[in-house]
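Dear colleague,

I am handing over a structure that may be new to you, and below it I set out what was found. Please read the notes with the structure open beside them.

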Amino acid sequence: MAEFYSESEARELCELILGHSSADSTEVMLSSGGTGYTRFNRNEVTTSAEVSVVEATVTSVLGGGSASVSWNDLSSAAIQHALARSEELARITPQDPERMPLLGAQQYLESEAFFTATSELSAARRAEAVLTITDRAAAAGLMATGILHGWVGSVAVANTNGLFAYHDSTQASFATTVRIPDGSGSGWAGTTHNDWLGMTSAAQLAEEAIQKARMSQGAEPVPPGPFTVVLEPTAVGQFVQ
């Protein structure tokens, strides 16, 4: 999976960026990490890729004005250019009489959202999980489509008033739709968790989707009117979002 900044690395880079600032006050947000994913269609893997991303956003405050600049080249020259640009924009930004000062040092609760098993979700392990679904679908004479996605990364925030905060996390999601070859039925199953080991197993996902596909065959039109329905947790989550 992708590389990301540790707490010490993030602190060092944030202090470097803030050290080049000449604004009244400055804040920097640093995010790093990436994703690995495997897509499959008609019981075959179609795409497998890993992408790494790093981005910094600096906010410069001059008088009552402020401006932010984001960039993803963290070389010394690029850092100085981004700071100069944000300060240039802050000078011409209208004064904001409601602007609050940047936070000082804070105490934050520890967050348990990082799991090694997810951070080590390699292409080989993703392929193994996908094959569990596609093999079961093929054995049942059905077709499976879906995606397995893993993410790992960190976010750090620091400013010239003494604030520094750091958070790292992981997340994985796995979803599949199994279809009857003649199009007469389909079934979906999915799971997501910060911990890969806490996910619903690939075998169970396959069985859920296969069962739904078979049960959905022979559906008939329903007349308009009020109906009581029972929704799965994922469906409820989609409504809430």
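Two strands are said to pair if DSSP finds at least two bridges between them. Please keep in mind throughout that this is a predicted model.

With that meaning of pairing, strand β2, which covers residues 44-62, and β3 pair in the antiparallel sense over 7 bridges, and within this arrangement Leu 62 stands opposite Gly 65 in β3.

These two strands belong to an open sheet of 6 strands, in the order β3-β2-β1-β4-β5-β6 and with antiparallel pairing. The edges are formed by β3 (65-71) and β6 (186-193), each of which pairs on one side only, and from one strand to the next the twist averages 15 degrees.

Helices also meet these strands. Helix α2, made of residues 76-92, packs on the sheet and touches β1 (25-41), β2 and β3, while its direction makes about 150 degrees with that of β3. Helix α5 lies across β5 (164-179) and β6, running at about 150 degrees to β6.

Turning to the surface, Val 222, Phe 227, Val 229, Leu 231, Val 236, Phe 239 and Val 240 form a nonpolar patch, which together has about 760 Å² of accessible area. Of these residues, Val 222 lies in the loop between α5 (202-215) and α6 (233-240). Val 222 counts as exposed because its relative accessibility is 57%, and the term exposed applies over 50%.

With kind regards

Notes: Residues are numbered from 1 along each chain as its sequence is written. This is a predicted model: local features need pLDDT of at least 70, side-chain atom pairs count only at pLDDT 80 or more; totals for chains, interfaces and linings use all residues. Side-chain values use heavy atoms; hydrogens and water are left out. Patches are made of residues with over 30% relative accessible area and no salt bridge: like charges are joined within 9 Å, nonpolar side chains (Val, Leu, Ile, Met, Phe, Trp, Tyr) within 5 Å. Accessible areas come from the Shrake-Rupley method with a 1.4 Å probe; for residues, only the protein chains shown count as cover. A salt bridge is a side-chain nitrogen of Lys or Arg within 4 Å of a carboxyl oxygen of Asp or Glu. Helices (H or I, at least four residues) and strands (E, at least two) are DSSP runs, numbered from the N terminus. Buried means under 20% relative accessible area, exposed over 50%, partly exposed in between (1.4 Å probe, protein chains only). Axes are lines fitted to C-alpha atoms, for helices over the stretch in contact, and angles run from 0 to 180 degrees between N-to-C directions. Contact means heavy atoms within 4.5 Å.
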